[in-house]
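Trainee: I would like to go through how the two chains meet. Can we take it step by step?

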2 protein chains.
Amino acid sequence: MAPASSKLHAITDDKTQQQNSSCPAASNGAIEPSNAKCAASSNHLLDADEFRRQGHKVIDFIADYYAGIADYPVHPSVTPGFLLNQLPADPPSRPEDHPDGAFGPALQDVRDVILPGMTHWQSPRHFAHFPASSSVAGVLGEALAAGINAVPFTWAASPAAAELEMVAVDWLGKALHLPESLLFSGAGGGTLLGTSCEAILCALVAARDRKLADIGTDRIGDLVVYGSDQTHFALRKAARIAGIRHDRCRELQTCLADMFALSPAALSAAMDADAGAGLVPLFLCATVGTTQTTAVDQVGALCAAAAPHGVWVHVDAAYAGSALVCPELARDAIDGIEVVDSFSMNAHKWLLANTDCCALWVKQPKLLVVSLGTQNEELILRDAAAEGHDVVDYKDWAITLTRRFRALKLWLVFRCYGVEGLREHIRAHVRMAALFEGLVKDDPRFEVVTERRFALVCFRLRAPDQLMDEGNEKKKTTAAANELNRRLLREVNGVALGPYMSAAVVGGIYILRCAVGSTLTEERHVRQAWEVVQERATSILRG
Amino acid sequence: MAPASSKLHAITDDKTQQQNSSCPAASNGAIEPSNAKCAASSNHLLDADEFRRQGHKVIDFIADYYAGIADYPVHPSVTPGFLLNQLPADPPSRPEDHPDGAFGPALQDVRDVILPGMTHWQSPRHFAHFPASSSVAGVLGEALAAGINAVPFTWAASPAAAELEMVAVDWLGKALHLPESLLFSGAGGGTLLGTSCEAILCALVAARDRKLADIGTDRIGDLVVYGSDQTHFALRKAARIAGIRHDRCRELQTCLADMFALSPAALSAAMDADAGAGLVPLFLCATVGTTQTTAVDQVGALCAAAAPHGVWVHVDAAYAGSALVCPELARDAIDGIEVVDSFSMNAHKWLLANTDCCALWVKQPKLLVVSLGTQNEELILRDAAAEGHDVVDYKDWAITLTRRFRALKLWLVFRCYGVEGLREHIRAHVRMAALFEGLVKDDPRFEVVTERRFALVCFRLRAPDQLMDEGNEKKKTTAAANELNRRLLREVNGVALGPYMSAAVVGGIYILRCAVGSTLTEERHVRQAWEVVQERATSILRG
């Protein structure tokens, strides 16, 4: 495997080279004859025929990658610096000389140098992270959006893109059984962002500014944000960015008995205590499907607890939001959702929409615009057609002004699979996770630590008998069991062409996580994964 | 043009439908025979052969789009609601029944329903916004990254992606003549984000937290942020998000005599005044290439003014950053850059890297990590190989945790075009802009308002003689000239298959903006654009 890049020249920065009004390239004697012609424009860089030629190669490349993805270890055996040390320190001055153009050798390097160092998120044996689910419609929707490459920051900047986004988020909201209060078809509305971090930050900033408008800007230091010790770090990150004091972020403790859901009573007590101390409860982030164990906070009860304090309630359903397409999964998970202020989920996680595609819905879009809206004085391009109409300029709903045309792929996903197709997709994964859960339960050496709710199984090897019998030395037992499972994960992930799993520590318990979610995962991959876990466990327990 | 979507059924949400452990789809009598088979998995959604089949169609679709793009008006003649009214209010329950699968009709709708409502950013006649420049390597790099669909939020989450990003940002920094202090090859480092808004926000939050660690968290209300009245709204947006008081954002006035660059003396005076009033100067955003006129703030002199106050200096070169590949354009534009704390530019704007690709470099990456870093407690997946190494976990450098594999396309752009190819691309546009500028200057009815520096020409029709002669009624003259040019823009943009331009108001003067930057723009498009402007001007002045 010789990196083709070794053939590349380093940048040669000819400081004497000047812009020349006639033809700067030709004026430089150092340029080789093949490049010496004076290009009248840059349009060869986006030539339709060249695009077609190289594009077909890329499609075949990706198709071949999917066809052969099971032959890659999910996680590569590489050490830090492995790629840095292979690539030249300087960019190439000229593209590689190759009969087929420089694109061919570059693609070869992707295959030979880059792919072997990747973690293959689309591998059917990837059970470690929540999925980044790809689909034919999702990948090609991304390709199509990249080809069109519009920047729909305002309605005028690309009317069809702005309106397709409105359609797509309403479709998605309806498919997920969200209430009308959050949809354009009601009084709310949604947008497509990159990530849940952005969604939570947008909601938090809107909530903060509404509150500060009431109590005075100088009280920013008194604002308090609430979540549980299971809430995703995205909340703390958003709070830090928004200028909330670090010591005003409450991470309320959860426990195994509550299946690690946030207790409404604990929330109520915390808010009362803060209010009593002269602080100002501001924002609650409830989670439907936590990262570590897919715990579901009881939205309705939490909203009731938060209401007396006028707290903005956001629901983060980054992972489990996709499952809400299935009525049987949505029913209890979002009970009470009607009164929340905002809701977000990642359609790129488990709904086939490829990275990135986070949907955020808010009950009062105007509050986003108050906080994040920009005046249009920079570029006067108000559309005559839009005058007098209430168009949505999505730049005013987000952290960023520039944005990609994400609606296209989400719309394609709906067109190509339909809501029923998405349900079947989710149910297939839930069924496979249930299968894995059953296999764990059938082996008395193991236990399922938290009830499976979606497609994540949290399990572990029980501590060996001799340790379990040591009576009250619970701490020692826990430590020993944790060490045992830590070793088990390391060994499972070390098996050549085996499954790739992850772990978490909740309530002091080290658990293994098997997250079924790759689009390519089949039942046989799940069964094989379990066989590897059993086999490694047997080996460890024997030793 | 009948939207195919009208054929689609509305979602039918069968509330009685339950998850069934054997085969939920088959248990529902409503499902049609063709869908009644119990899919063992979702893997048909990412089937290699289906991907290949549909993927080749998408490549041809995009290639055809480029080949025929000149036939579209750059900006569509549509009114708000045009698309909302064509698409069904509910998502389809099932994909459309079509011999070729649902993807075919969906693609047909993109062509027939969506594209006619788009603003075509890749049109060779798009002179309105700074470009969102596409290239074969950029589009296909996006497609490839979408196909691989990895989420490199940590080194372990995809080692090759993390290291390729380090390589790509160092290559880019060297190509742009940035100092070693900002590169990994020095003591700094860079990352690829979505937009300049994120880059400025990251830098601002790092600066804020460093300062508050010194002076105390409760002084957030005293922090002051500086820019000019030409600074992009991204600064104000970032300041708002970061909790900086609205009345602590200084927008220092610029003037035509200074070519709308921020005056170091004015900055110095403002900072002294604020410090004297007990406030704390925090952050300066200097701009290299402002949005309205591509003004260049004098970085070195501004840094000298800011230094006594310990202010973090960020340089926003969102647009003009790409031009720095050309030594002759970089020379003066970033004089003094060695001492700045951070620098950002959008490689997706004018450097062929497709949306989105914003590069941010910082002198002290650890300050980003202090502000934005997250503990890894959620998912224990530390890589054994990474233990003891100083790997870069990019999630700690940004607003977001989830991120796309943007480095791949940037690396492909360098591989396919080389630094010299990028220079030729920039120079071709600069040359065409110079041509347009010359044409404006040759017509005595017009004037170039601000000196052209990159590929934006800011021009306007002079006020008619009779008004010019009215002596001291300058205000009236200005208003009349502004109205004249407002009408000119409206008429130019109204010409069928004509150019699409924009306007700005600087120092009270309404200017027309002709930004050359589309990859497909050739000299003939620039000449034709000027002919349309002249022809419309003649018509207006005659009337």
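Trainee: How much area do chain A and chain B bury between them?

Mentor: This is a predicted model. The size of an interface is often given as the accessible area lost when the parts come together. Here 65% of that area lies on carbon and sulfur atoms. The buried total for chain A and chain B is about 16900 Å².

Trainee: Which residues of chain A lose the most area to chain B?

Mentor: Three residues head the list, together giving 5% of what the chain A side buries. They are A:Leu46, A:Phe51 and A:Arg415.

Trainee: What symmetry relates chain A to chain B?

Mentor: A turn of 180° with a shift of 0.0 Å along the axis lays chain A on chain B, at an RMSD of 0.0 Å. The same surface serves both copies, as 100% of the contact residues of chain A recur in chain B. The turn and shift are therefore the relation of a two-fold axis.

Trainee: How many salt bridges are there between chain A and chain B?

Mentor: Take one pair as an example. The side chains of B:Arg52 and A:Asp60 lie 3.2 Å apart, N to O. That is within the 4 Å cut-off, so the pair counts as a salt bridge. The count between the chains is 12.

Trainee: Which helix gives the largest share of the side of chain A that touches chain B?

Mentor: In chain A, 201 residues are in contact with 202 residues of chain B. The largest share of that chain A side is 20 residues, from residues 407–442. That helix is α13.

Definitions and conventions:
Residues numbered from 1 in each chain as written. Chains lettered and ligands numbered in written order. Predicted model: local features only at pLDDT ≥ 70, side-chain atom pairs only at ≥ 80, totals over all residues. Heavy atoms only, no water. Least-squares fit on C-alpha atoms with pLDDT ≥ 70 in both. Contact = heavy atoms within 4.5 Å. Buried area = accessible area lost by both parts, 1.4 Å probe. Helix = DSSP H or I, 4+ residues; strand = E, 2+ residues; numbered from the N terminus.
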